[in-house]
Amino acid sequence: MKFGTKTIHAGVHPDPETGAIMTPIYQTSTYVQRSPGDHRGYEYSRTHNPTRTQLQDSLAALENGKHGLAFASGMAATDAIVKLLQPGDEVISTNDLYGGSYRIFTKVFAPLGIKFHFVPMHDMTAVREKVTERTKLIWVETPTNPLLNVIDIEAAATVAKEAGALLVVDNTFATPYLQTPLDLGADMVVHSLTKYMGGHSDVVMGAIIVKDDELHERLRFLQNACGGTPGPQDCFLVLRGIKTLHLRMQRHCENGRAIAEFLKSHPKVEKVYWPGFAEHPNHDIAAKQMNDFGGMISFVLQGDRKEDAIAVLEKLELFALAESLGGVESLCGHPATMTHASIPAEERRKAGLSDSLIRLSVGIEDVEDLIDDLRQAIGQEVTEELAVAGR
């Protein structure tokens, strides 16, 4: 099946009891058994739930994997992955990553004896320099949050294989519509389904997708034993969101391109981070491993002053100032005080994340209205040249 067909059909099937075309919400905690141990594949809903099963099968199909595992949040999925490790093991992670991932690595698992190295991954030199016999996991986020750095997944997979380590790719920003890391050599794909996959800002959930049976069994044990599982209502909502993923992502990409070009031409904007620009670092890698460049954009105003960025965020009307991303509605945020506040300021600046950076999650509204909103918030006389560039 082509991707758009997969989003609607792969992994799901009509209810065998009623013929319902939509997966029912199996709002139950337990299941009747004919005799002790003689059941229909379901015993207890922390372990299995039919609604969750179809979501997991759908996720596996979209990522070209074999097994999907859904969790109560993206952080619960991250927690399960790191629990594959033992004290003394080492992890190499990109230094430009979601603040919640940095927090759980440094505040939860580092005190338990797992060592983390945070390095730039625009090429693999810095990664190779940190590899030791204790390296067990390489953590890649691409495009990164919020600087949209692009990491070569195939190159990272080569380094991981040489080191005997597992490669994890956080595919939240791209989704399988734009890239499928398992096809490029990754061992695990992790998602915050809260974002683009759900797509409607109405559910919190995470997922891991793998090809390897043994790795799946280890993760499935942790999913059940630690209990970070989602409820059937949330699984239903993500299943519903997935059915329009391809249509939404196409519009996110189209709108993202128009807004990136508008911001780039704006005299009050100093720098725009968007992988679709030829001068963007590793644009050639993005063009090779991605199908398009997405709807996430970050930018800095002329003068790079935090107070100017805050003023713009307060003036935006259609772009809602809120945590999260990937919904149908456009959102804006200030990473230094919101999504990445848990990363020390020195570490943020070392990675290139300035205190004045604004991050946009471009929605699927009419792009002319979004550009008008940015224009009024940044403060700009409408000129014919900018109007053409923006529209």
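1. A quick definition before we look at the sheet: two strands pair if DSSP finds at least two bridges between them. With that in hand, seven strands of this predicted model form an open sheet in the order 1-7-6-5-4-2-3, with mixed pairing. Strand 1 (67–71) and strand 3 (115–119) are the edge strands, each pairing on one side only. From one strand to the next, the twist averages 20°.

2. On confidence, the mean pLDDT of the protein chain is 94, and 96% of its residues reach 70 or more. The stretch to watch is residues 381–386, where the pLDDT is below 50; beyond near neighbours in sequence, this stretch has eight contacts in the model. Where pLDDT is low, the predicted coordinates should not be read in detail.

3. Strand 6 (188–192) deserves a good look. Is this strand enclosed or exposed? Five of its five residues are buried, so strand 6 is largely enclosed by the rest of the structure. Both of its faces are covered: Met188, Val190 and Ser192 are buried on one side, and Val189 and His191 on the other.

4. The neighbours of strand 6 in the sheet show how the pairing is mixed. Strand 5 pairs with strand 6 in the parallel sense, over three bridges, whereas strand 6 and strand 7 pair in the antiparallel sense over five bridges. Met188 is a handy residue to follow here: Val168 stands opposite Met188, and in strand 7 the bridge partner of Met188 is Val210.

5. Moving out to the edge, strand 1 and strand 7 (residues 206–210) run antiparallel and are joined by five bridges. Within this pair, Ala70 stands opposite Ala207 of strand 7.

6. Two helices that lie across the sheet strands are worth displaying together. Helix 8 (residues 213–226) lies across strand 1, strand 5 (166–170), strand 6 and strand 7, and runs at about 20° to strand 1. Helix 4 (residues 99–109) lies across strand 2 (90–94), strand 3 and strand 4 (135–141), running at about 150° to strand 3.

7. Now for the nonpolar cores. The largest has 83 residues, and those with the most contacts inside it are Leu167, Ile259, Leu263 and Leu360. Helix 10 gives the most to this core, with eight residues. A second, separate core of 28 residues includes Phe71, Phe109, Phe116 and Val210. In soluble globular proteins, nonpolar side chains tend to be buried together.

8. Which residues does Leu263 touch, not counting residues up to four places away in sequence? They are Val269, Val272, Ile297, Phe299, Leu360, Leu374 and Ile378. Leu360 appears here as a contact of Leu263.

9. Helix 9 (residues 232–242) has a set of buried residues: Pro232, Cys235, Leu237, Val238, Leu239, Gly241 and Ile242. These buried residues pack against helix 1 (3–9), helix 2 (50–62) and helix 10 (245–265).

10. Finally, a loop residue: Leu85 lies between helix 3 (74–82) and strand 2. Is Leu85 buried or exposed? With a relative accessible area of 10%, Leu85 is buried, because buried means under 20%. Leaving aside neighbours within four places in sequence, Leu85 is in contact with Val91, Ile114, Lys136 and Leu137. For a distance check, the C-alpha atoms of Leu85 and Glu141 are separated by 19 Å, and these two residues are 56 residues apart along the chain.

Key
Residues are numbered from 1 along each chain as its sequence is written. This is a predicted model: local features need pLDDT of at least 70, side-chain atom pairs count only at pLDDT 80 or more; totals for chains, interfaces and linings use all residues. Side-chain values use heavy atoms; hydrogens and water are left out. Buried means under 20% relative accessible area, exposed over 50%, partly exposed in between (1.4 Å probe, protein chains only). Helices (H or I, at least four residues) and strands (E, at least two) are DSSP runs, numbered from the N terminus. Contact means heavy atoms within 4.5 Å. A nonpolar core is a set of buried Ala, Val, Leu, Ile, Met, Phe, Trp, Tyr and Cys residues joined through side-chain atoms within 4.5 Å. Axes are lines fitted to C-alpha atoms, for helices over the stretch in contact, and angles run from 0 to 180 degrees between N-to-C directions. pLDDT is the predictor's confidence in each residue, from 0 to 100.
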